[in-house]
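Biologist: Hi! Could you walk me through this model before I get lost in it?
Modeller: Happy to. Here it comes.

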Amino acid sequence: MNLKNTICFVFIGGTHQIYHLAPVAAALSKRDDGLSISCMCADAEDEAALRGIAYQMQADRMQIIRMPLPWLARLAMRITGRKSVGKGPLLAALRWQARHARAIIVPERTSAVLRKMGWRRPLFHFRHGAGDRAPASEARLNAFDLIVVPGEKDIERAVGRGIDPSRLRIGGYVKLDYLRLAPPSGEPLFDNDRPIVVYNPHFDASLSSLGMAEKILKLFRQQDRYNLIFAPHIRGVEDMSAEEQDRLASLAMPGRIIIDLGSANLFNMRYTQAADIYLGDMSSQLYEFLARPRPVAFINAHSVPWQNDPRYAGWHLGKVANHIDDIIGAIDHAVADQQNMAAAQVDAVSFAFGDYEGAITRSADIVMEALLHGD
């Protein structure tokens, strides 16, 4: 493959990341600028998501290449039972495949290791999500020539960690812009008029309430005032045993509780758009939910003193339950107090996401400007 005039978009971090970057690849592929756009992935689910975005955006010239998973990656995944350990061998294979490309663009930070693999041409990073967690992996941002973030919140955080401001750009929240063009289904999820709570625990065990999810699901089974959608972060599901998944799935209740441990609805905003109330801990899906201000509640699963901790900034936008028995009360309180929270929620979304309408085109312009500036 002749890639000398190709930009390679690389997707190795899971299907949930594709909505944050692939629409930009699709937009670039439709431009008459002499560039070829190649999207590289490693599994069937990612390939299907990429093809879906290409179809929705009529991006017929966007190339989608599914790479075979290297044997070393398959072995590591089989031994550990963890999908993430295959990233290193996969990146090595992708690095060779894209060795003549003009630039590589990624939506995650693991790909910073491409520098250690000898990649010297432009390496761009698009932030996926816009939460408050500030993981340690942000130190890897120094490997990237260009870092495109949704809003001012990420600019402030990156500069605070010593990232050169000249490498930072605000593009807006690409995922929300794309889902304006291709919204998820709006079909009712329940056949009753009870308010719908979406429970969205994060995958990071040190911050998440996922470890008490079974007890929380049983709590909702004991009441009949709220419908519930259990929609954990997809990475939290990846490391669950089959027995754990079966035990959680068994707690579904027709007409009252949906348990979803793997469908695209976990990240395509089907649930966050359908729900009336958000219940969670650290996921940036909080801000996706608040793109339309509504009541939110949180579970302080680790008894943290959160009030002055910037990682928990989102918790100031709703009510916090410190014990499982307080969850329904926190939800009730959030609903009753929503009028007083709405303005702060609007401001928080603007700080996190910037102006997300037009984010795809704006981000594509940023990429082209950076490429031209680098030539």
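Biologist: Let me start with one residue: what is the place of Ser29?
Modeller: Ser29 belongs to helix 1, residues 22–29; helices (H or I, at least four residues) and strands (E, at least two) are DSSP runs, numbered from the N terminus. Before we go on, this is a predicted model, where local features need pLDDT of at least 70, side-chain atom pairs count only at pLDDT 80 or more, and totals for chains, interfaces and linings use all residues. Residues are numbered from 1 along each chain as its sequence is written, and side-chain values use heavy atoms, with hydrogens and water left out.

Biologist: Thanks. Is Ser29 buried or exposed?
Modeller: Ser29 is buried, with a relative accessible area of 4%. Buried means under 20% relative accessible area, exposed means over 50%, and partly exposed is in between (1.4 Å probe, protein chains only).

Biologist: Which residues does Ser29 touch?
Modeller: Leaving aside residues up to four places away in sequence, Ser29 touches Ile37, Ala59, Arg61 and Met62. A contact here is heavy atoms within 4.5 Å.

Biologist: And how many residues of helix 1 are buried?
Modeller: In helix 1, 8 of the 8 residues are buried, so this helix is largely enclosed by the rest of the structure. Among them are Pro23, Val24 and Leu28.

Biologist: What about strand 1, how many of its residues are buried?
Modeller: Strand 1 covers residues 6–10, and 5 of its 5 residues are buried. Thr6, Cys8 and Val10 are on one side, with Ile7 and Phe9 on the other, so to speak of faces, both are covered. In a regular strand the side chains alternate between the two faces of the sheet.

Biologist: Which strand does strand 1 pair with?
Modeller: Strand 1 pairs with strand 2, residues 36–41, in the parallel sense over 5 bridges. Two strands count as paired if DSSP finds at least two bridges between them. Thr6 stands opposite Ser36 in strand 2.

Biologist: Jumping ahead, which strands pair with strand 5?
Modeller: Strand 4, residues 103–106, runs parallel to strand 5 and is joined to it by 3 bridges. Strand 6 also pairs with strand 5 in the parallel sense, over 3 bridges. Ile105 stands opposite Phe124 in strand 5, while His125 stands opposite Ile147 in strand 6.

Biologist: Which way do the strand 5 side chains point?
Modeller: Leu123 and His125 point one way, Phe124 and Phe126 point the other way, and all are buried.

Biologist: New topic: how many salt bridges are there?
Modeller: The structure holds 15. A salt bridge is a side-chain nitrogen of Lys or Arg within 4 Å of a carboxyl oxygen of Asp or Glu.

Biologist: Which partners does Glu47 have?
Modeller: Arg51 is one, at 3.2 Å, N to O. Arg66 is another, with the closest N and O atoms 3.6 Å apart. That second pair links distant parts of the chain, since Glu47 is in helix 2 and Arg66 in strand 3 (residues 63–66), 19 residues apart.

Biologist: How far apart are Arg51 and Glu47 along the helix?
Modeller: They are 4 residues apart in helix 2 (residues 44–56), which means a separation of about one helical turn. As for cover, Glu47 is buried at 17% relative accessibility, Arg51 is partly exposed at 43%, and Arg66 is partly exposed at 45%.

Biologist: What does the salt bridge between Asp132 and Lys153 tie together?
Modeller: Their side chains meet at 2.8 Å, N to O. Asp132 lies in the loop between strand 5 and strand 6 and Lys153 in helix 5 (residues 152–160), so the pair ties together parts that are 21 residues apart in sequence. Both Asp132 and Lys153 are buried. Elsewhere, salt bridges that share partners join Glu214, Lys218, Glu243 and Arg247 into one network.

Biologist: Last one, the whole chain: how many helices and strands does it have?
Modeller: The chain comes to 14 helices and 13 strands. Buried residues make up 55% of its 375 residues, and the C-alpha trace spans about 60 × 45 × 40 Å along its principal axes.
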